[in-house]
Amino acid sequence: MSLEPPPSVKYRLCLNENLFLPRELVAEVVREAAESVDPRLYHDAYGEELAERLAEFHRVDVEEIVIGPGADYLIYLLASYSRVGGAVIVEPTFEEYRRAVQLYGGRITTVLLDDDFRLKPERLKGAAASIAYLASPNNPTGNQFERGAVEDAIESFRGIVVVDEAYAEYARYSMLSEAIERDNLVVIRTFSKAWGLAGLRVGYLVTNRRLASELKARGRVFACSSLSLKAASLMLERWEAVRRAIEELKTVREWLRRELTKIGVKAYPSDANFLLVRLPVDSGEVCTKLLEKGIAVKNVSSLPLCDNCIRVTIPPKPIAEIFINALSSVLEQSAL
Ligand code: PMP
C-alpha cells in the first residue's frame, strides 16, 4: 500500500496536511525548539511539559491527558481494548481503525452511516463490543456528526467510545470537555492538521483520570521525541496564527464547494480541511489524469457509500483554482 504521492506530484491534495499555515512560521518554531532541547538527554517520559501546556489550553487537568506520537499511535493503543470484546467501526471512515483492531485480532462489527453520512446511534445500540471508533468530523466524508447523535451513541454503548477529533479545529463543536466527565469517552486530537506539524508526529487524547492512567500504563515511555514535544508546546503559543489559517481555509472551502457545484460535481458539506467529491465518471480514471497534471487527490471509491468519490485537501485559493481548472478539463475529456 502506497501512502505517499509519487515524487512528480506538484500539488499534494491527498493527505489532509495543513497547506495554509506559513512554512516559515513552522520552521521558526522548530528552530526555537531545537535550540532549547538537549538531544543528548532523555526528556520527561510521558511528555508532561506538553501535557501541562495542553491542560492550560483546554482547561482540563494534566492527569486527563495522554500524549503520543500522532493520533495514529493513540488509535492503536486504544485498539488493545478490542482484543477481548471486539470493536465497532462506523463506515465509511478512516481506515486506520480497522487496521489497528485487526492487529490485535479483535472482532469487528461494522455500522453504516446513512446515505447522507449521518450517524444513526440506534445502529450502535445492540452492538456488544469493548470499544467503538467515531471520527468527528469524519474522514473521508468531511461532516461532523450531530452532537445529539454522538451523545446518544455514548450513552447507549457500554464500552469505550473513541471520538477522533483530528479535524475538530475546523469544525462546529468538540466533545473534549465532556470526555473528562464521562466514564467511557476518549477524545483524540492531533498536531498534524490545524497545528501544521504532521511530520513531527504529536497527538494527544483527553479522557477521565482513570482511563488516562490506564492508557499511559499500556503505552510506551519516551514515545515522542523531545524536539517534537517542544515544537508542539511552542505552536500552542501561536494559536492566533493557527486560528487565522483555519478561517482562511474555511473561506476557500466554501468557495471551492460552490465552484465544484458549477462544474456539475457534488461536493458534500465539510467541517474539516478537505472535501468529499462525488464524480459522474470513474473516479480512478480521473485520479490518474489529475496525477498526469501533477495533482494528487485520494480516490476513496472502494469505501462503502463512496462510489466514484475522491477526497481533496483544501489548498490556498491559487492552488484551488488550478485544481478546479484541471478537474474541469479532465471531466470534459471524459465526457467526449
Ligand atoms: N484521525 C483521522 C480521522 C485522520 O484523518 C488522521 C490522518 N489522516 C489521523 C487520525 C492521523 O493523525 P496523526 O498524523 O496525528 O497520526
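Here are some short exercises, each with a worked solution, on the predicted model shown above.

**Exercise 1. Find where the ligand sits and describe the residues around it.**

Step 1: Start with the location. The ligand sits in the largest pocket.

Step 2: Look at the neighbours. The ligand is surrounded by 14 residues, and the closest are Ala71, Asp164, Tyr167, Thr190 and Ser192.

Step 3: Sort this shell by class. It holds 6 nonpolar, 4 polar and 4 charged residues.

Step 4: Ask which element gives the largest share of the shell. That is helix H3, residues 71-79, with 3 residues.

**Exercise 2. Locate side chains that have polar atoms at the ligand's oxygen and nitrogen atoms, and give the distances.**

Step 1: Take tyrosine 167. An N or O atom of its side chain is 2.6 Å from an oxygen atom of the ligand.

Step 2: Go on to asparagine 139. Here an N or O atom in the side chain lies 2.8 Å from a ligand oxygen atom.

Step 3: Turn to a nitrogen atom of the ligand. A polar side-chain atom of lysine 193 is 3.2 Å from it.

Step 4: Finish with the cover. On its own the ligand has 400 Å² of accessible area, and the protein covers 92% of that.

**Exercise 3. Work out the strand order of the sheet that contains S9, and name its edges.**

Step 1: Trace the order. This open sheet has 4 strands, running S9-S10-S13-S12, and their pairing is antiparallel.

Step 2: Pick out the edges. Strand S9 (266-267) and strand S12 (298-299) each pair on one side only.

Step 3: Zoom in on one pair. S9 and strand S10 (residues 274-278) run antiparallel and are joined by 2 bridges.

Step 4: Find a partner. Lysine 266 has arginine 278 in S10 as its bridge partner.

**Exercise 4. Find two cis peptide bonds and a residue with a positive phi, and place them in their loops.**

Step 1: Go to glutamate 91 and proline 92. The peptide bond joining them is cis, with omega about 0°. Proline 92 belongs to the loop between strand S3 (87-91) and helix H4 (96-103).

Step 2: Return to asparagine 139, whose side chain appeared in Exercise 2. A cis peptide bond with omega about 15° joins asparagine 139 to proline 140. The loop holding proline 140 lies between strand S5 (131-135) and helix H6 (147-156).

Step 3: Now look at phenylalanine 222. Although not a glycine, this residue has a positive phi of about 50°. Its loop lies between helix H8 (209-218) and helix H9 (226-236).

Technical notes
Residues numbered from 1 in each chain as written. Predicted model: local features only at pLDDT ≥ 70, side-chain atom pairs only at ≥ 80, totals over all residues. Heavy atoms only, no water. Near = heavy atom within 4 Å. Polar contact = N/O pair within 3.5 Å; in protein donor to acceptor, adjacent residues only side chain to side chain. Areas by Shrake-Rupley, 256 points an atom, 1.4 Å probe, with all protein chains shown as cover. 1 Å grid on protein atoms, 1.4 Å probe; cavity = no way out; pocket = protein on both sides within 12 Å on 5 of 7 lines; lining within 4 Å. Sits in = over half its atoms within 2 Å of the grid points. Nonpolar A, V, L, I, M, F, W, Y, C, P; charged D, E, K, R; others polar. Pairing = 2+ DSSP bridges.
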